[in-house]
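Here is a walk through some side-chain pairings and a few residues that deserve a second look. Have the viewer open and follow along.

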Amino acid sequence: MEILQANEHDLNEIVDIDQKMIGSDRRKEEIDQAIKEERCLIISSGNEICGFLIYHLQFFECCFISLIMIDPAHQRKGLASSLLSRMTQISPTEKLFSSTNESNESMKRVFTKSGFSKSGKVDNLDEGDPEIIYFINRKGAEQHGSIERNR
């Protein structure tokens, strides 16, 4: 598996993964913009994109991972954890945040396994399913072992 910065040639394959997950291509412009601004990472095997991550820096001047999607055929193989680890390494800010619905047990486990801790919750986004905010400090990630050190 390889993690790279997405480029314009990856757009359609990334949108296809997103469409498999949410049933539409309504985020195509958002994904395209993230690629143009170099805020989109992909994880691939050979020539196939298996998943992607999008982040931004508008969360109280901190890095926020707004989207992590893994193709259903490649889920439960540690790819989301790999993307989180890489993002922790390259985050342009010391503090890194993300979130998931309270009902998303698998993603909550991924965050915990990756060294993130719960930081709060937001009610009223999805009726009856609060958004749980997760946080990691890059310095703390080094101590936790989430960041691979150069040998």
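Where does Thr100 lie? Thr100 sits in strand β5. Before going further, keep in mind that this is a predicted model.

## Thr100 and its surroundings

Thr100 is tucked away: its relative accessibility is 5%, so it counts as buried. Its side chain makes a polar contact with the side chain of Asn104, at 3.2 Å.

What else does Thr100 touch, leaving aside its neighbours within four places in sequence? The list runs to Met107, Lys108, Phe111, Pro130, Glu131, Ile132 and Tyr134. Two of those names, Phe111 and Tyr134, come back as a ring pair in the next section.

## Aromatic pairs

Searching the whole structure turns up 6 aromatic pairs. One of them joins Phe59 and Phe97: the ring centres are 5.1 Å apart and the planes meet at 55°, so this pair is tilted. It's a link between distant parts of the chain, with Phe59 in strand β3 (residues 48-59) and Phe97 in strand β5 (residues 95-101), 38 residues apart. The two partners fall into separate accessibility classes: Phe59 is partly exposed at 21% relative accessible area, while Phe97 is buried at 11%. For Phe59, the cut-off matters, because buried means under 20%.

Now for Phe111 and Tyr134. Their ring centres are 4.6 Å apart and the planes are at 15°, so the pair is stacked; the angle has to be under 30 degrees for that label. Phe111 belongs to helix α4 (residues 105-113) and Tyr134 to strand β7 (residues 131-137), so the pair ties together parts that are 23 residues apart in sequence. Both rings are hidden from solvent: Phe111 is buried at 0% relative accessibility, and Tyr134 is buried at 2%.

There is a cluster to look at as well. Phe59, Phe60, Phe64, Phe97 and Phe135 form one aromatic cluster, so the tilted pair of Phe59 and Phe97 described above has both its members in this group.

## Salt bridges

How many salt bridges does the structure hold? There are 6. Take Arg27 and Asp18, whose closest N and O atoms are 2.6 Å apart. Both Arg27 and Asp18 are buried.

Lys20 and Asp71 make another salt bridge, again with the closest N and O atoms 2.6 Å apart. Lys20 is in helix α1 (residues 11-22) and Asp71 is in the loop between β4 (62-70) and α3 (79-90), so this bridge ties together parts that are 51 residues apart in sequence. Here one end is out in the open and the other is not: Lys20 is exposed, with a relative accessible area of 52%, whereas Asp71 counts as buried at 5%.

Then there's Lys121 with Asp123, where the side chains meet in a salt bridge at 3.9 Å, N to O. Asp123 is partly exposed, with a relative accessible area of 41%.

## Ile17 in helix α1

Is Ile17 buried or exposed? Ile17, which has its place in helix α1, is buried, with a relative accessible area of 2%. Leaving aside neighbours within four places in sequence, it is in contact with Ile49, Cys50, Gly51, Phe52, Met69, Ile70 and Asp71. Asp71 is also the salt-bridge partner of Lys20, and Lys20 lies in helix α1 too.

For a sense of distance, try Ile17 and Arg86: they are 69 residues apart along the chain, and their C-alpha atoms are separated by 20 Å.

## Positive phi outside glycine

A couple of backbone angles are worth checking in the viewer. Phe60 isn't a glycine, yet it has a positive phi of about 50°. Phe60 is found in the loop between β3 and β4, and it counts as exposed at 71% relative accessibility. This is also one of the members of the aromatic cluster, alongside Phe59, Phe64, Phe97 and Phe135.

Which value does phi take at Arg76? It is near 65°, a positive value in a residue other than glycine. Arg76 lies in the loop between β4 and α3, the loop that also holds Asp71. At 71% relative accessibility, Arg76 counts as exposed.

Definitions and conventions:
Residues numbered from 1 in each chain as written. Predicted model: local features only at pLDDT ≥ 70, side-chain atom pairs only at ≥ 80, totals over all residues. Heavy atoms only, no water. Phe/Tyr/Trp six-rings, centres within 6.5 Å; stacked < 30°, edge-to-face > 60°. Helix = DSSP H or I, 4+ residues; strand = E, 2+ residues; numbered from the N terminus. Buried < 20%, exposed > 50% of the residue type's maximum accessible area, 1.4 Å probe, protein only. Salt bridge = Lys/Arg side-chain N within 4 Å of Asp/Glu carboxyl O. Contact = heavy atoms within 4.5 Å. Polar contact = N/O pair within 3.5 Å; in protein donor to acceptor, adjacent residues only side chain to side chain.
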